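Colleague: I would like to learn how to read a model like this one. Could we go through it feature by feature?

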Amino acid sequence: MIDYALWEVIKNGNTTPKTTIMEGVEKVIPPTTAEEKAQKRLEVKARSTLMMGIPNEHQLKFNSIKDAKLLLEAIEKRFGGNAAIKKTQRNLLK
């Protein structure tokens with residue numbers, strides 16, 4: 001099943017969380033509206049879906065990335081490879 005809203009969050013990133021500065025410290029305001037909560041839920045789902053696709057031995061390297069868009073970019077950078085590697089991977093899948 002394809003979840004288009006999930007891919008929108010992965011490709012375009014999530015909306016930035018609301019922040020406020022109190023006593024010189026920047027604090028994140030938790031989501032209050034139903035739309036904000038749904039967006040946060042999609043972000044968590046997108047990140048966990050991407051983390052499930054990473055091999056176990058690489059999980060710790062990517063665990064510190066909290067944004068789904070940045071996580072996808074890091075995965076593509078790490079596992080993207082060059083043309084020869086991609087050709088080998090296609091042949092292995094066949």
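Modeller: We start with the whole chain, then turn to helix packing and a few residues.

Modeller: This is a predicted model, so a few ground rules come with it: local features need pLDDT of at least 70, side-chain atom pairs count only at pLDDT 80 or more, and totals for chains, interfaces and linings use all residues. Residues are numbered from 1 along each chain as its sequence is written, and side-chain values use heavy atoms, with hydrogens and water left out.

Colleague: How many helices and strands are in the protein chain?

Modeller: Helices (H or I, at least four residues) and strands (E, at least two) are DSSP runs, numbered from the N terminus. The protein chain has 5 helices and 2 strands. Along the sequence they follow the pattern α-β-β-α-α-α-α.

Colleague: Is the protein chain spread out or a compact globule?

Modeller: Use the radius of gyration, taken over C-alpha atoms, and the globule rule, 2.2 Å times the number of residues to the power 0.38. For 94 residues the rule gives 12 Å, but the protein chain has 17 Å, well over that, so it is more spread out than a compact globule. The C-alpha trace spans about 55 × 30 × 20 Å along its principal axes.

Colleague: What share of the residues is buried?

Modeller: Buried means under 20% relative accessible area, exposed means over 50%, and partly exposed lies in between (1.4 Å probe, protein chains only). Buried residues make up 19% of the 94 in the protein chain.

Colleague: How is the packing of two helices described?

Modeller: Two numbers do it: the angle between the axes and the distance between the axes. Axes are lines fitted to C-alpha atoms, for helices over the stretch in contact, and angles run from 0 to 180 degrees between N-to-C directions. Under 35 degrees is roughly parallel, over 145 roughly antiparallel, 65 to 115 roughly perpendicular, and the rest oblique.

Colleague: At what angle do helix 1 and helix 2 cross?

Modeller: The axes of helix 1 (residues 4-12) and helix 2 (residues 34-52) cross at roughly 80 degrees and come within 9 Å. That makes the two helices roughly perpendicular. Contact means heavy atoms within 4.5 Å. Helix 1 brings Ala5, Leu6, Val9 and Ile10 to this contact, and the residues from helix 2 include Leu42, Ala46 and Leu50.

Colleague: Which residues of helix 1 and helix 4 meet?

Modeller: Helix 4 covers residues 68-79, and its axis is 6 Å from that of helix 1, at an angle of about 70 degrees. These helices are therefore roughly perpendicular too. Ile10, Lys11 and Asn12 in helix 1 meet Ala68, Lys69, Leu72 and Glu76 in helix 4.

Colleague: Now some single residues. Is tryptophan 7 buried, exposed or partly exposed?

Modeller: Tryptophan 7 sits in helix 1. Its relative accessibility is 42%, so tryptophan 7 counts as partly exposed. Its C-alpha atom is 9.4 Å from that of leucine 42, although 35 residues separate the two along the chain.

Colleague: Where is histidine 58 found?

Modeller: Histidine 58 is in the loop between helix 2 and helix 3 (59-62). At 12% relative accessibility, histidine 58 counts as buried. Leaving aside neighbours within four places in sequence, histidine 58 is in contact with Arg78 and Phe79.

Colleague: Is threonine 32 buried or exposed?

Modeller: Threonine 32 is exposed, at 58% relative accessible area. Threonine 32 lies in the loop between strand 2 (25-28) and helix 2.
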